[in-house]
Amino acid sequence: MSLSRRGFLAWMGAAGITALGSQAGATPRHFKGYPQSLCVLHDITLCIGCRSCETGCNKVNELPPPAVPFSDLSVLDKKRRTTAKTYTVVNKYLDSGQEKKPIFFKTQCNHCLEPACASACFVRAFTKTKEGSVTYDASVCVGCRYCMIACPFEIPTYEYDEPLTPRIMKCTFCHPRVTKGLLPGCVEACPTEALSFGKREDMLKLARERINKYPGRYVDHIYGEHEMGGTNWLYLSGVPFRNLGMREDLGTTPAPELTSGALATVPMVAALWPVLLTGIYALSKRKEKLLSGDKQNALAQALAEANAKSQAALTAAMEKAKREKEEAVQKAVKTALEQSAKKTQEQ
Amino acid sequence: MEEVKSTLRWTAMLCTAVGLVIFALSAEGYKAPEQKAEKDRADIILIDTSPVFGRGDKPPVAFPHDRHTEIMAEQKKDCFLCHLKESKPQAVSAGPAPQPESTERMSLKFKRLKDTNLKEVRKIYHDNCIGCHMSMAEKGQEFGPIICGECHKEGAEYRSARKPSGMDNSLHFRHTKAAQNKCETCHHAYDDKAKKLFYAKGQEGTCRYCHQMKTEENRISMPLASHMSCVECHRLGKEKKLEAGPVTCSGCHDSKEQMKIKKIEPLPRMERQQPDTVFVKTLGKDEKAETPRMNPVPFDHKSHEGYNDTCRVCHHASLSACNSCHALGKPLKDGNFVKLDRAMHQAGSQTSCIGCHQLKQQAKECAGCHVFMPKGLMEQSDSCLKCHMKPLPDSAAFPKTAEGEKELAKKLLQSRQPVKGTYPQGDIPENVIMKDYADQYEPAEFPHRKVVSSLVEKMNGAKKTSQLAAYFHNDLGTVCQGCHHYSPESQKPPKCANCHGRPFDEGNLMKPGIIGAYHQQCMGCHAAMEIKKPKECVECHKEKKK
């Protein structure tokens with residue numbers, strides 16, 4: 001195939017413009033969550049670190065029994081994270097004030113309105129349900145663990161000790177229970193109502209009312225209202241959220257929006273490039289074909305011309321020969337006639 | 001040929017190995033800079049030329065002043081080794097103490113009277129500091145830094161633990177006693193025409209009313225004024241071998257030293273023609289008198305003097321009546337555009353009535369109940385009447401004279417019926433069984449009467465907050481309302497379960513379910529009152545046997 005440098009660049013330019021065009025089409029928009037979707041408001045000032053939520057979660061999700069019983073509160077002395085066997089953990093932080101009062105804070109999946117895990121998953125194993133939960137379908141999961149890297153809250157975990165059917169494990173927001181009208185396991189187990197459950201709009205209202213009524217008790221911020229585009233778990237705290245190891249640098253842009261531009265071009269590239277490349281190939285082939293056709297024609301013509309020439313030469317030669325022959329015959333006849341006339345004269 | 005090649009190969013290998021080792025070592029060699037233990041000191045003076053002369057090329061010097069005073073004392077030298085004498089300005093010369101007869105005083109600057117220019121000032125510091133340290137070194141004594149980097153250090157060797165100092169009413173009383181009631185020893189005013197300080201009797205106020213944080217045209221800054229006057233007077237006293245206040249930095253500015261300052265108990269009242277009882281004035285300077293819309297508020301000025309450490313708590317800008325700056329109608333510039341309503345009712349402010357009362361509710365005796373109550377102006381109108389008292393039935397008209405006003409205010413205040421105690425013991429349920437909690441625990445037994453008695457005891461205590469409670473609690477049933485809230489005071493208030501049931505009531509999001517309510521109320525109260533017990537779940541409700 002012979003494609004000139006100029007031709008290649010021209011094609012690439014054209015491909016680039018189509019790609020840009022499709023990107024501009026995916027304009028940013030803000031998804032405010034499914035209406036009436038459910039939500040938990042975690043009022044950190046009310047948490048007493050009793051680990052009842054962990055017990056409740058373990059029970060309703062039928063997770064393996066923990067190595068240390070839930071009644072043992074000494075585990076709180078060390079910072080823990082979610083594992084494949086625990087969807088939620090309570091951690092203890094100390095107040096920066098002089099009294100060093102303990103602050104307890106429960107961690108689990110925040111159920112983003114636009115989940116990063118779902119946007120990173122190329123087999124669509126994650127679903128943002130209209131109830132608000134982000135659910136996971138193990139049957140399609142290929143185990144790439146992109147979701148674990150994508151999650152800004154470091155929540156999804158992997159069953160590394162499961163040799164044949166490892167799954168991603170994370171809080172399900174008790175989706176099966178919630179759809180039946182039951183409370184999530186942790187919420188039901190919480191004795192102090194540090195976890196309030198209701199519609200997201202209502203929980204936002206509740207959080208604002210608490211801040212308004214007890215201004216000295218809370219930091220004037222509802223964590224999860226806008227973080228990463230908003231989440232279906234909200235938090236109220238008496239100390240700055242960064243003191244509790246919560247990220248305050250996440251911004252308000254949902255994760256999918258950050259990647260949608262680049263990712264949207266992937267199907268375009270996948271679909272268009274074969275066509276494009278085939279086209280380029282076909283065109284260059286055609287050119288080749290055209291070129292080779294011309295050559296053959298010329299050859300044929302030349303041959304024909306040569307043939308015709310030689311034919312003409314031949315005919316001419318033949319005619320000449322014929323003529324010469326005739327002339328020779330006539331001459332011979334003439335001479336013979338002259339000779340015979342001479343002979344007759346002489347005779 | 002083969003031999004040369006082999007040698008070359010080995011050399012290359014060796015070079016690579018050495019390079020790698022060096023690289024690895026240099027990477028390993030990095031260590032985090034060591035955290036130096038910072039010393040908290042109250043006497044750190046930052047010798048920083050940048051505010052006057054602009055940024056220098058060396059870091060400023062943290063100078064431990066008290067360390068130097070100690071050494072001076074050991075060597076029997078006085079302050080004038082470092083501080084020069086300066087003549088008092090004309091305006092001050094006839095004015096306040098210390099030593100009104102003297103025309104000289106101690107300059108607060110180091111070895112100079114004026115900040116002339118960077119070069120000169122730098123030379124003064126370098127010559128005198130290093131010079132003195134060197135001479136001590138020559139004498140074989142322990143000596144201070146002499147090399148640039150020893151003084152001009154990046155990063156803090158010391159951490160300033162300086163606490164602002166001030167004079168409370170107790171300390172003021174000790175000073176009046178020491179000055180034999182001669183207020184003019186310290187108090188003065190400025191005569192604009194004569195450009196002189198003079199003593200205005202009966203016009204005394206806090207230093208800070210005039211001396212602000214920064215030096216202004218005709219008045220020096222508060223730090224300058226206090227160091228020139230307080231420290232100088234103490235120093236002179238010490239010179240005369242009298243009992244005098246501190247001359248070191250830490251003496252006034254160290255939190256531990258501040259605790260040691262003697263308190264006068266009971267504190268006699270400060271005399272400055274203030275009223276015992278008074279009506280809170282509502283009309284601003286230029287406002288016309290009209291019939292007051294609200295009942296005027298009688299105010300027990302005398303008692304409130306005892307509730308606060310200084311007059312400045314309420315009289316934050318002057319010792320005059322609130323309405324001279326905070327008017328009812330038009331916001332005035334003098335009052336920072338704060339109207340009277342806000343000046344009296346603003347929550348969270350120590351200078352407003354309600355703000356200060358709500359701060360008092362944070363005392364642990366009160367916080368058990370009040371922690372649950374929303375802050376700000378109460379919506380109930382009858383709580384307004386606690387201050388805006390109804391006129392007495394026998395008083396016909398509002399008196400026209402100041403004396404009459406004071407008398408009426410006194411009468412009104414005396415007519416108040418402080419609420420002490422609660423309903424008779426027999427009418428209070430002894431125990432309340434809480435059996436709403438799930439399958440996991442036995443019912444909890446709540447010692448209801450014991451808790452009420454303990455609250456009443458705290459309410460009736462000797463603390464000043466209990467007086468506040470006595471005046472502002474409405475009724476015998478008010479103490480019950482800490483838990484039996486959102487219902488009128490009554491001997492038989494609703495039970496918890498009458499209102500609290502299942503959690504997450506969409507109709508009233510703020511209302512917790514019964515289990516949440518119990519835990520929030522019990523534990524919230526215990527935390528606010530700093531009651532350490534109970535620590536375990538089973539101390540309230542025993543585990544159910546399975």
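Contact, on this tour, means heavy atoms within 4.5 Å. Helices (H or I, at least four residues) and strands (E, at least two) are DSSP runs, numbered from the N terminus. What you have open is a predicted model, where local features need pLDDT of at least 70, side-chain atom pairs count only at pLDDT 80 or more, and totals for chains, interfaces and linings use all residues. Residues are numbered from 1 along each chain as its sequence is written, chains are lettered from A and ligands numbered from 1 in the order in which they are written, and side-chain values use heavy atoms, with hydrogens and water left out.

**Stop 1: a helix in chain B**

Select residues 222-239 of chain B, which make up helix α9. Does its length add up, and what should you expect? The expected span of a helix is 1.5 Å times one less than its number of residues. For the 18 residues of α9 that gives 26 Å, and the end C-alpha atoms are 25 Å apart, so the two agree.

Now colour its buried residues (buried means under 20% relative accessible area, exposed over 50%, partly exposed in between, with a 1.4 Å probe and protein chains only). Among them are B:M222, B:A225, B:M228, B:H234 and B:L236. What covers them? Show β4 (85-87), β5 (104-106), α7 (169-178) and α8 (207-210) of chain B, which are part of the cover. Past the helix, click on B:K241, whose phi is positive, near 60°.

**Stop 2: two strands from that cover**

Stay with β4 and β5 of chain B and show the side chains of B:E86 and B:R105. They form a salt bridge (a side-chain nitrogen of Lys or Arg within 4 Å of a carboxyl oxygen of Asp or Glu), with the closest N and O atoms 3.2 Å apart. B:E86 sits in β4 and B:R105 in β5, so the pair links parts of the chain 19 residues apart. Are these two buried or exposed? B:E86 is buried, at 15% relative accessible area, and B:R105 is buried too, at 16%.**Stop 3: a salt bridge inside one helix**

Jump to helix α16 (residues 402-414) of chain B. The side chains of B:K406 and B:E403 meet here in a salt bridge, at 3.8 Å from N to O. Being three residues apart, B:K406 and B:E403 are separated by about one helical turn. An α-helix has 3.6 residues a turn, so residues three or four places apart point the same way. B:K406 counts as partly exposed, at 28% relative accessibility, while B:E403 is exposed, at 54%.

**Stop 4: two cis prolines**

Next, pick B:P266, in the loop between α11 (255-260) and β9 (277-279) of chain B. The peptide bond leading to B:P266 from B:E265 is cis, with omega near -5°. Then go to B:P534, in the segment after α20 (514-528) of chain B. The bond from B:K533 to B:P534 is cis as well, with omega near -10°.

**Stop 5: over to chain A**

Select helix α2 (residues 52-60) of chain A, where the buried residues include A:C53, A:E54 and A:C57. The buried residues of α2 pack against β2 (89-94), β3 (102-107), α6 (185-189) and β8 of chain A. Just after this helix comes A:E62, with a positive phi of about 50°. A:E62 lies in the loop between α2 and β2 of chain A and counts as exposed, at 71% relative accessibility.

Now show A:D161 and A:K85, a salt bridge whose closest N and O atoms are 2.9 Å apart. A:D161 is in the loop between β6 (157-158) and β7 (168-169), and A:K85 is in the loop between α2 and β2, so the pair ties together parts that are 76 residues apart in sequence. A:D161 is exposed, at 53%, and A:K85 is partly exposed, at 40%.

**Stop 6: where the chains meet**

Finally, show both chains together. The contact takes 20 residues from chain A and 18 residues from chain B. Between them, the chains bury about 1,700 Å², 63% of it on carbon and sulfur atoms. Buried area here is the accessible area (1.4 Å probe) that two parts lose on being put together, summed over both. On the chain A side, A:P191, A:E193 and A:Y214 lose the most area, together 32% of what that side buries.

Click on A:E193, in the loop between α6 and β8 of chain A. Its phi is near 55°, a positive value in a residue other than glycine.

How many salt bridges are there between chain A and chain B? The count is one: the side chains of A:K199 and B:E506 meet at 3.2 Å, N to O. In chain A, β8 (195-199) and α7 (200-213) each supply at least two residues to the side that touches chain B. Helix α7 of chain A gives the most, with seven residues.
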